[in-house]
Amino acid sequence: MADALPLLRVREVSKSFGAVAAVRDVSFDLYGGEAHALVGENGAGKSTIVKMLAGVHRPDTGSIELDGTGQDLGTPADAKAAGIAVIYQEPTLFPDLSVAENIAMGRQPLGRFKTIDRAAMVRQAAQLFARLGVSIDPNRPARGLSIADQQLVEIAKALSADARVVVMDEPTAALTGVEVERLFAVARSLRDDGAALMFISHRFEEITALCERVTIMRDGRHVSTDLLTDITVDEMVRKMVGRDLGALFPKQDVAAGAVALKVRGLSRDPVFKDVSFDVRAGEIVALAGLVGSGRSEVVQSIFGVDPRDTGTVEVVGKTLKPGSPKQAMAAGVALVPEDRRQQGLLMELSIERNVTLPRSRSLSQLGFLTGNRERREAKEWTQKLKTKYGRLSDNVGTLSGGNQQKVVLAKWLATNPKVLIVDEPTRGIDVGTKAEVHRLMSSLAADGVAVLMVSSELPEVLGMADRVLVMREGRLVAELDRSEATEESVMFAATGQEATL
Amino acid sequence: MSATESAVVSRFANWNAAIIAITVIVLIVAAASVDSFGTSQNFGFLVLDLLPIALVALPMTLVIVTGEIDLSVASTLGLSSAVMGYLWNANQPIETIIPLCLLLGAVLGAVNGFFVTVLGLPSLAVTIGTLALYRGLAFVVLGDSAVADFPTVYTDWVTGSIGGTPIPNVLIIIVVLAIVFGVILHATPIGRAVFAVGASEQAARFAGVRPGRVKFWLYVASGLISGLAGVLWTLRYSSARADNGAGLELAVVAAVLLGGVSIFGGKGALPGVIAGVVLLGSLQNALRLSDVSNEALNVVTGVLLIASVLGPNLVNRLRRT
Amino acid sequence: MTAVELPAPHRSSLDVVLRARELGIVLALGILVLVTTISNPRFLSGQSIRDILLNTAILAVLAVGQAVVVITRNIDLSVGSVLGLSAFTVGTLLQNDNLPVVLALLVGAGVGVVCGAVNGVIVRYGNVPALVVTLGTLYVYRGITYFWAGGQQINADELPAGFLDFGNATLLGVPYLVVIALLVLVITGVVLRNYRVGRELYAMGSSPQAARLAGIAVGRRTIGAFTVSGALAGLAGVLFAARFGTIDAAAGTGYELNVVAAVVVGGVAVFGGSGTVWGAALGALLLTTIGSALAVLEINQFWQQAIVGGLILLAIGADRLVAVRVAASLKKRGSHVSN
Amino acid sequence: GTTKSSTESQNTAAPATTAGKADPNAPLKEGLKIAYLPKQLNNPYTDVEVGGGKVAVGEIKGEYKLVGPNDASASSQVSYINTLIQQQQNVIVVAANDPNAVCPSLNQARKAGVKIVTFDSDASKTCRDAFINQATTQGIGESLVKMASELAGGSGEIAILSATPNATNQNSWIKVMQTELAKPENSKLKLVKIAYGNDDDQKSFTEAQGLLQSYPNLKVIVSPTTVGIAAASRYVSASSYKGKVAITGLGLPNQMRQYVKDGTVKKFALWNPADIGYLAAYAGAALSSGQITGAQGEKFKAGKLGEYTIGADGEIVLGPPTEFTAANIDQFNF
Ligand SMILES: Nc1ncnc2c1ncn2[C@@H]1O[C@H](COP(=O)(O)OP(=O)(O)OP(=O)(O)O)[C@@H](O)[C@H]1O
Ligand SMILES: Nc1ncnc2c1ncn2[C@@H]1O[C@H](COP(=O)(O)OP(=O)(O)OP(=O)(O)O)[C@@H](O)[C@H]1O
Ligand SMILES: [Mg+2]
Ligand SMILES: [Mg+2]
């Protein structure tokens, strides 16, 4: 099905940021009518490749060829003009502009006197959403869209470009099964129309479902490019991490202790209603459901960053004041939020400040901080989580997505929580680290920490949880024991109908 | 993007040191080349001229680090001065008036804080509004009159120096407050929270910081110090007037930015700001002594301000290529 | 894939709410005029309205330029100084030659273009926050004017009569200055709303990073926005000279805060990305009218400034209220995957 | 505590003038450093004043210097006074923006041997040696009321357009005007409003506009400041009020010529500002040379202006103001 000649060739490109060599001498080809996966651990250099294709970064050495001619992709506009559309790892929308305008920016349909034809623009957006099978009002501003919806708008944006090369950097990280299926359907039709797709994901089942060819990267270098028919998942993982992995879900069996987190009658109109559950010490409880079912809102309300209308939260017998994260922290609650860029990290501050921020009071002596203890703590915890960084004083924003996630985890694990709430803890994390995170959660539970995990990844939910709570449209609709929880039963509860996956 | 971000961090770290070095050099050159720049009397004048800017710049630094701004400081100073004159005319004891003026400053700051944190309005807009409001109220209170004849014990203390030494009394106030604000910003959990709020308000909230509360108290501090500056201004000139300190807000912001604080919040250091204040003040003093006209002083201030942000940036760019 | 219902691309009620931003100002203006007129009918006399419009014209031209810059998430504090420099340049030229008015307008705008372009280039290539740059050039441009002018003042009797007439003459009963201001307003408004360039300015202000990734020539647009603001400030300088007839080095000192206040009152968000030049012009009109009304209402002039300050707070507070309502209505309309 | 009344006695204590006896025959020193510090630079009226000073300093072979702020604030003036102390000037000729705020610095200067002459706007008398008064306050006030009454035809509404609300000279003239207006012969004149244009051209312009709007029956605007009268005249000459409202006050002939010629302004008054600066230089030199100490009754010669006698409180009065009309205005050029 692939054309004989490559549509786009990446030839021995390299890119360094100061001392960090993010990409070194990487070459691969993309063919029209083929989906090409790019895999690698966090920080392997995948997004950097994407940004070079997008014209955001210029390669230090090497070249990018389109149809056999070298391209100078100095700016995103150049890449756009060359027919390359990119979905970035992090959504890049204009919050003040309407969704339709976001999609059409720079390509707005023009009417008389070169003025923008708004009606046509809105129609265009509506058609794209129809193709993706979602209903987002094209006239509403992008501000306030959920991450998933933002990602969907990004996808619509890339579709609207009618590009010959479509690059997707973890487009599915924020999506659930149904939306992923929709996206794949659209991606396949693009591919069948002759476009070259490049697809990045940390989920192998997605890669095998969509792609024909896979390029594996490690530490900025090209490891191999194979047809997916020629390589097994285990081989891919081995090539990625350079070693064999242990079990992905190393769940230890722990006898549950006393109730550590007790939630009763929690409501917040219109997001969730009458949510009640317990989590015991040593237990891992998963909160499953579709995107937008209100899971994140529930845990944020428990932690106090979001308000609540009614209901009580008790931690080890102590009732928490609503709306006070500070008190929740003091009672031993930690929340690893779902959106690390906005909620988890201070992108322009150093790694050490990020890691120790929640603890700055307890690290102070007589109310003063000298910096030494903070540095020591930060070093200890980032090393525990095997975070890859240059110096502790570097901006956390310079780390790769996965390493940023590790910093968030380090930040909260360092507070020694009694109740650890993790919201999508492994979103955007590579398999190796994912296993580490899971092992860590297990061992924390074994040490008597109560873990509440929000996750959209069913395997993770099923593999890790002692109990699964399922939410649908803001209500807790099911509580499944480890033995009862299966893909079917969880999906049934989450959707209210027989799962079709 | 993140490449420039990291450059920005090191740039500000470097700039902090650079501005201090530049200030020291300017002081040395001025002392060597400008007659009577280095005299103890001139030092006294210099410190008195710097006083209001130096004081107000301290809380302003913290406010700007949180990503907000307070343009109402000069009007707060003016209102504090006007109220001081009004009460003095009403025959109130100065010992009551001064605390009242400080309290007034704090309340005015709290009003700013309320609008910014409780109502969530942009601080640039809010404080442009209170800039007009407070100055207007100052005129309402004192109208066109000027109140003089403040007790000489107080006015002499403000203009005087520590028993026989050439060190002006008010320098004590500046130094003490600079240390207080410096320690708070750089070596306490509050300071960490201030930086966190400036870097990302939402992420700070998720880490247990209460951005609203941090900002609110910073505005109160800003108002309080502006009120104090109003009292000292009045005593220094022995003249309470509604238009005292008009236009000072831009000079303060200029000094803070010159000191390497990022207008976008999250970055900056207090020693740099102090150096910025001293640099601006001593340069103006030296140029004035060398009979350089007022116009030139304006141009120098402006160019310096632009250079302070442009210079490190260009150097960085050259170094990278 | 199943078919879904297309959301009809109709004007949503949301648009109407958003529009209310400007409506609010119009309402406030109406009430103000009504109250003032009831207490003193002369407020609506021809001369009085003419005076208000003339004074608004200058502020509105500045506010339109400022709005363009603020929409891109920048700010231009140097406008007062640019106005002064332009007014003095034009005054000096007219002192010696009897330039035609059109040429004077062009020269003034030209001075502004240069000043604005300098701002833009420093912001763009220096990668420096606009607030700092224009605070700096505020001092620099003013300093240059002082250098040049010294103590010199250009008086009305030194200016050609034709030029001074231009400051007062009317076209079909509308003063020329107002015509020029309206022209500037309409052109800028249409470009911002209906042309790609305009939308790109909004996009830049809404998210600078995303704008870069979307292939928008952020640098060029930034320089462009500052140049427009400078040009309009320069134009306002000529209008200022024609209106007041007396020009010295201090012309326009302190205008920057008025202009920013007008823009903010007019509902242009200081963080960029939203607001319109219509709003900014209305803000200018409101501020000017407040000043006149207070004088006519015989409110102690010492209260004037305080009242203006209070009104600014009120305006942005009301604006916020509308915004919160909108946000709440958006929250209730989240998307869902249809199946 | 310390209140205003409890400190009143102590604050008004005698000034620090312990200068020796005057020697009327002492020669005028040469090479005196005389510095002018007006309220604000870049003001045409001020330029004329200090221009006269420059001439006089030249005549007595001194060193002339002009410094000053752009913003008419007392605090900037203080910085300049401090600078002048450092530069060891012999005489500072200053127009105070605030009579008290400049005092501590002026006294510091006097302690360092600098003679202080005020002009235009006096500083508190405890901190200067002599004050050059352009005309007696009484004289100016009276002549302003006289002109207004003539222009109004003896009855009707009048308004004042002043400079800043706290300009010393303006306020004392206005006070005299108010007492004059209270007299029976002026009972039909009604002062309806005092507006302030802050000596800012544009503000004065708008204030004039506001006056005419609020007071439809206004007959005369009296503006005792050159900025105000010019702005008011310019507004009226181009508006529908021309011919209905008369403008008068204190103005510069060059600025007013156009409005006198086009009939907007019938008559206004002023002293010759250049003579103020001129007289100040001679007074300063005489002080510095020990010819006078600033005490009442002492006499000194002021070049082309002839001999002057110091009045009460160290005041030296220049002379009566001149009235300008269409008939005589072309004889003056300042
Ligand atoms: N702008 C930058 N400045 C400095 N270092 C950078 C920058 N961008 C990326 N890096 C570094 O380059 C390396 C590769 O990062 P990249 O984002 O390409 O990884 P990735 O493969 O996309 O990882 P992930 O799966 O976590 O998204 C990392 O070590 C990262 O820290
Ligand atoms: N009923 C609702 N109405 C409107 N918006 C909603 C509703 N429920 C959730 N949202 C919005 O949708 C987004 C996702 O909600 P939330 O994070 O609570 O869901 P989730 O189940 O945790 O999904 P995710 O997989 O994205 O974490 C949030 O931004 C929230 O504001
Ligand atoms: Mg990546
Ligand atoms: Mg969630």
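**Two interfaces of chain B and a magnesium site**

Chain D and chain B together bury about 2900 Å², and 45% of this area lies on carbon and sulfur atoms. The structure is a predicted model, and the values discussed here are computed from it. The size of an interface is often expressed as the accessible area that is lost when the parts come together. In terms of residues, chain D brings 31 to this contact and chain B brings 34.

The interface of chain D and chain B contains two salt bridges. One of them joins Lys65(D) to Asp291(B), with the closest N and O atoms 2.7 Å apart. In addition, 15 residue pairs are in polar contact between chain D and chain B, both residues being at pLDDT 80 or more. On the side of chain D that touches chain B, α1 (4-11), α3 (74-86) and α4 (103-111) of chain D each provide at least two residues. The largest share, eight residues, belongs to α3(D). Sorted by class, this side of chain D consists of eight nonpolar, 20 polar and three charged residues.

Chain B also meets chain C. Here the contact draws 39 residues from chain C and 46 residues from chain B. The area buried between chain C and chain B is about 3600 Å², of which 81% is on carbon and sulfur atoms. Three residues, Tyr139(C), Phe302(C) and Leu313(C), account for 19% of the area that chain C buries against chain B, more than any other three residues.

What is the count of salt bridges across the interface of chain C and chain B? The rule finds zero. The count of residue pairs in polar contact between these chains, both at pLDDT 80 or more, is likewise zero. The side of chain C that touches chain B receives at least two residues from each of α4 (101-126), α5 (130-149), α11 (255-265) and α13 (301-331) of chain C. Its largest share, 13 residues, comes from α5(C). By class, this side of chain C divides into 27 nonpolar, ten polar and two charged residues.

Chain A holds a metal site. The magnesium ion (ligand 4) is coordinated by Ser296(A) through OG and by Glu338(A) through OE, at 1.7 to 2.5 Å. These two residues link distant parts of the chain, for they are 42 residues apart: Ser296(A) lies in helix α9 (residues 295-303), and Glu338(A) lies in the loop between β17 (333-336) and α11 (340-344) of chain A. Ser296(A) counts as buried because its relative accessibility is 13%, under the 20% limit. Glu338(A), with a relative accessible area of 22%, is partly exposed.

Key: Residues are numbered from 1 along each chain as its sequence is written. Chains are lettered from A and ligands numbered from 1 in the order in which they are written. This is a predicted model: local features need pLDDT of at least 70, side-chain atom pairs count only at pLDDT 80 or more; totals for chains, interfaces and linings use all residues. Side-chain values use heavy atoms; hydrogens and water are left out. Donors are N, O and S atoms within 2.8 Å of the metal (3.2 Å for Na, K and Ca); water is not among the atoms, so sites may look incomplete. Helices (H or I, at least four residues) and strands (E, at least two) are DSSP runs, numbered from the N terminus. Buried means under 20% relative accessible area, exposed over 50%, partly exposed in between (1.4 Å probe, protein chains only). Contact means heavy atoms within 4.5 Å. Buried area is the accessible area (1.4 Å probe) that two parts lose on being put together, summed over both. A salt bridge is a side-chain nitrogen of Lys or Arg within 4 Å of a carboxyl oxygen of Asp or Glu. A polar contact is a pair of N or O atoms within 3.5 Å; within protein, one must be able to donate a hydrogen and the other to accept it, and residues adjacent in sequence count only if both atoms are side-chain atoms. Ala, Val, Leu, Ile, Met, Phe, Trp, Tyr, Cys and Pro count as nonpolar, Asp, Glu, Lys and Arg as charged, and the others, Gly among them, as polar.
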